[in-house]
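Please read the following report alongside the sequence and the three-dimensional view. It moves from strands and helices to charged pairs, backbone geometry and the surface.

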Amino acid sequence: MLTLKAEMILKDKYKSYIYMERYVNNGSPSGYTFINNTSNETNPFGMCPHFKLLKLADADCSHFSINKNEMIFNGFNFIHPDCALSTMFNKYSMHPSDFNVIPTASSRTVFVLDDKEKSFLKLSYSSRLGRSSRQINLKGAKTSINNSDYITEKILNDELPNFFSILQEKSAKISIIDFEGSQYEWGTIYRSVNPFPLSSSKTYMVPAFSLFSKDLFHEDEFLINQFIINSGIKPKNYLEKIIYIILVSYWQLLLNCGLVPEMHSQNCLFEIDENFEIKRIVLRDMEDIDRDLNVIRKLGINVSGLLMGCYKEYDLNSGDYNYRTSYMYDFKLGEYLLNPIIETVCGRFNLLPNYFYDFSKKISSKFIKQLPQNYFTDKNIWFSRDVDDAGLSRTKKYVSNSKPKFR
């Protein structure tokens with residue numbers, strides 16, 4: 001078993017990355033990671049090293065392809081083996097895939113073990129995982145790929161910082177399943193394994209949650225603290241840099257693109273160099289992005305590459321718009337990403353968390369001043385999600401909290 005020493009990351013970038021995804025992962029603070037998950041044989045926390053997907057032939061059903069990738073979707077779509085017994089597929093024949101896959105932290109997103117085409121596949125799942133159902137329909141796939149293309153264009157136009165990158169979602173296939181007298185859209189999204197733009201130097205990806213999660217099998221120091229020690233950089237300076245990278249990336253995506261990324265610790269990766277210095281943040285899961293139509297309109301953002309009528313478009317007349325501006329920043333980014341990083345470093349190096357909360361506020365204040373007035377409805381209130389909200393309702397249950405830490 002690979003031990004969790006920072007030096008091991010430099011020896012085998014893919015092996016160590018997958019190990020971190022699976023075993024250096026405390027799960028979501030909500031607790032739902034461990035309530036609804038995949039089978040023991042396919043669970044990221046389990047001991048099965050890999051498994052095969054099932055293939056559904058295009059000839060057996062109608063289908064749609066987006067930016068066709070023949071190497072992966074060559075006449076087939078893919079079914080997670082847990083879903084094979086669903087009555088949805090009773091009339092269809094399926095066969096094992098030609099390649100093995102390894103589950104990642106999100107369970108239904110898998111790493112493809114194929115020398116010709118290392119990649120990720122984000123799969124539909126026929127039952128709930130965590131709090132949510134996990135269908136990928138045609139609209140969701142189009143949204144993901146359009147967000148990826150749009151952000152790619154903004155990067156190429158130098159409208160986003162050079163320490164920001166994405167895992168591009170380049171293509172998808174949606175099969176139309178005849179089920180109970182209706183048609184069910186069953187989609188799979190192809191995701192690149194290499195951050196865009198490609199780094200000019202040798203770098204290694206680390207899931208954000210692995211920075212402050214305990215190894216399931218070993219008692220090593222938290223990874224971010226190992227990085228700081230090995231880099232020789234002062235802990236205060238190291239932590240300030242990572243906070244700066246996170247916050248500037250978030251706000252420039254909003255101000256320059258009109259997008260609000262769901263930047264919790266599962267959707268973010270970091271690239272480190274051979275000296276263990278953080279070089280870039282990497283955003284993944286292009287569907288988990290809000291489109292803020294109010295900001296787009298008020299700031300006159302050029303969104304010529306953004307298809308309208310997609311998922312997660314919010315405006316002032318949206319029922320929970322005033323909650324989501326805080327929910328995405330204060331809760332998802334603040335409590336699920338910034339706060340555990342700050343607490344982990346401060347606890348190890350005897351630093352004061354309040355200094356870094358204030359540091360975050362100073363950075364964000366410059367960007368918040370550029371937003372439409374009252375973007376946050378109350379400077380003294382922030383919103384989280386009710387831990388007892390199991391996701392059974394289409395409307396989230398928000399909780400009001402006082403004294404935002406990060407603005």
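The report below describes selected elements and residues of this chain.

This is a predicted model, in which local features need pLDDT of at least 70 and side-chain atom pairs count only at pLDDT 80 or more, while totals for chains, interfaces and linings use all residues. Residues are numbered from 1 along each chain as its sequence is written, and side-chain values use heavy atoms, with hydrogens and water left out.

**Strands and sheet**

Helices (H or I, at least four residues) and strands (E, at least two) are taken from DSSP runs and numbered from the N terminus. Two strands pair if DSSP finds at least two bridges between them. Strands of a sheet pair through backbone hydrogen bonds, either parallel or antiparallel.

Three strands make up an open sheet of mixed pairing, in the order β13-β16-β17. Its edge strands are β13 (259-261) and β17 (313-314), each of which pairs on one side only. Between β13 and β16 (residues 289-292) the pairing is antiparallel over three bridges, and L259 stands opposite R291 in β16.

Elsewhere, β18 (residues 381-385) and β19 (residues 398-402) run antiparallel and are joined by five bridges, with I381 standing opposite S402 in β19. Four of the five residues of β18 are buried, so this strand is largely enclosed by the rest of the structure; here buried means under 20% relative accessible area, exposed means over 50%, and partly exposed lies in between (1.4 Å probe, protein chains only).

**Helices**

Helix α3 (residues 138-156) has 19 residues and reaches 27 Å from its first C-alpha to its last, close to the 27 Å expected at 1.5 Å a residue, where the expected span is 1.5 Å times one less than the number of residues. The helix is mostly covered, with 14 of its 19 residues buried.

Y327 belongs to helix α7 (residues 321-349) and is buried, at a relative accessible area of 2%. Leaving aside neighbours within four places in sequence, Y327 is in contact (heavy atoms within 4.5 Å) with K332, F383, S384, R385, K396 and Y398. By contrast, the C-alpha atoms of Y327 and I363 are 19 Å apart in space, with the two positions 36 residues apart in sequence numbering.

**Salt bridges**

A salt bridge is counted when a side-chain nitrogen of Lys or Arg lies within 4 Å of a carboxyl oxygen of Asp or Glu. The whole structure holds 21 salt bridges, among them the three in this table.

| Pair | N to O distance |
|---|---|
| K236 and E240 | 3.0 Å |
| D290 and R324 | 2.7 Å |
| E313 and R291 | 3.6 Å |

What separates K236 and E240 along helix α5? They are four residues apart in α5 (residues 235-257), which means that about one helical turn lies between them. K236 is partly exposed at 34% relative accessibility, whereas E240 is buried at 14%.

The salt bridge between D290 and R324 brings strand β16 and helix α7 together, so the pair ties parts that are 34 residues apart in sequence. Both D290 and R324 are buried.

In the salt bridge of E313 with R291, distant parts of the chain are linked, since E313 lies in β17 and R291 in β16, 22 residues apart. E313 is partly exposed at 22% relative accessibility, and R291 is buried at 0%. In addition, salt bridges that share partners join K122, E169, R191, D285 and E287 into one network.

**Backbone geometry**

Most residues other than glycine have a negative phi, and most peptide bonds are trans. D158, although not a glycine, has a positive phi of about 60°; D158 lies in the loop between α3 and β9 (164-166) and is exposed at 70% relative accessibility. N374, another residue other than glycine, has a positive phi near 60°; N374 is found in the loop between α8 (353-368) and β18 and is exposed at 58%. A cis peptide bond, with omega about 0°, joins F196 and P197, and P197 lies in the loop between β11 (182-192) and β12.

**Surface**

F217 lies in the loop between β12 (204-207) and α4 (223-231) and is partly exposed at 36% relative accessible area.
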